[in-house]
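Reader: I'd love a close look at how the inside of this one is put together, please. Take your time, and give me the cut-offs as you go.

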Amino acid sequence: RNLLSKNLKELRVHYCQTSPASSGVREFISKNYVSLKEANPNFPILIREASGVEARFFARYDFGKEEKVVLNNLPAKDVESELEKLVNKSV
C-alpha cells in the first residue's frame with residue numbers, strides 16, 4: 001500500500017458507477033483511495049467511471065509495459081489482493 005511507486009509508474013482504475021459487477025471496486029475506492037493517496041502523494045492514480053464498462057485495473061510499469069486485471073464481481077478484499085499482486089510484480 002505504501003510502496004505503489006516501487007514497481008508501478010501509474011495505476012488506472014475503470015469501473016461502472018451502477019453495475020453490480022463493479023460494486024467491489026466502488027467499495028475499495030471509497031474506503032481506500034484517500035489513504036493510498038496520502039501514502040503515495042506523487043503517484044498517479046487515475047479513476048475512470050463510465051457506464052457499462054468492465055471493472056479493471058491497468059498498471060503501467062517501466063518502459064511502457066502495461067498489465068490489465070479484470071475485477072468484475074470481485075469483493076473489495078479481492079480487489080485489494082489484485083492491487084498487491086500488481087505492485088509486487090517485477091517486470
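Author: Happy to, starting from the outside: the protein has an accessible surface of about 5,200 Å², and carbon and sulfur atoms hold 48% of that area. Such areas come from the Shrake-Rupley method with a 1.4 Å probe, and for residues only the protein chains shown count as cover. This is a predicted model, in which local features need pLDDT of at least 70 and side-chain atom pairs count only at pLDDT 80 or more, while totals for chains, interfaces and linings use all residues. Residues are numbered from 1 along each chain as its sequence is written, and side-chain values use heavy atoms, with hydrogens and water left out.

Moving inward, 38% of the 91 residues are buried (under 20% relative accessible area; exposed is over 50%, and partly exposed lies in between, with a 1.4 Å probe and protein chains only). The order of elements along the sequence is β-α-β-β-β-α, taking helices (H or I, at least four residues) and strands (E, at least two) as DSSP runs numbered from the N terminus.

Now for the core itself. The largest nonpolar core contains 22 residues; such a core is a set of buried Ala, Val, Leu, Ile, Met, Phe, Trp, Tyr and Cys residues joined through side-chain atoms within 4.5 Å. Two or more of its residues come from each of strand 1 (10–15), helix 1 (23–39), strand 3 (56–60) and helix 2 (76–88). Helix 2 makes the largest contribution, with 5 residues. Inside this core, Val 25, Phe 28, Phe 57 and Leu 83 have the most contacts. In soluble globular proteins, nonpolar side chains tend to be buried together.

Phe 28 is a nice place to zoom in. Beyond its neighbours within four places in sequence, Phe 28 touches Tyr 33, Leu 36, Phe 57, Ala 76, Val 79, Glu 80 and Leu 83, where a contact means heavy atoms within 4.5 Å. Across the protein, of the contacts with a separation of 6 or more, 68% join residues 24 or more positions apart.

For contrast, here is another phenylalanine. Phe 63 sits in the loop between strand 3 and strand 4 (66–70) and, with 85% relative accessibility, counts as exposed. Although not a glycine, Phe 63 has a positive phi of about 60°. Asn 73, in the loop between strand 4 and helix 2, is also not a glycine, yet has a positive phi of about 65°. Asn 73 is exposed, at 60% relative accessible area.
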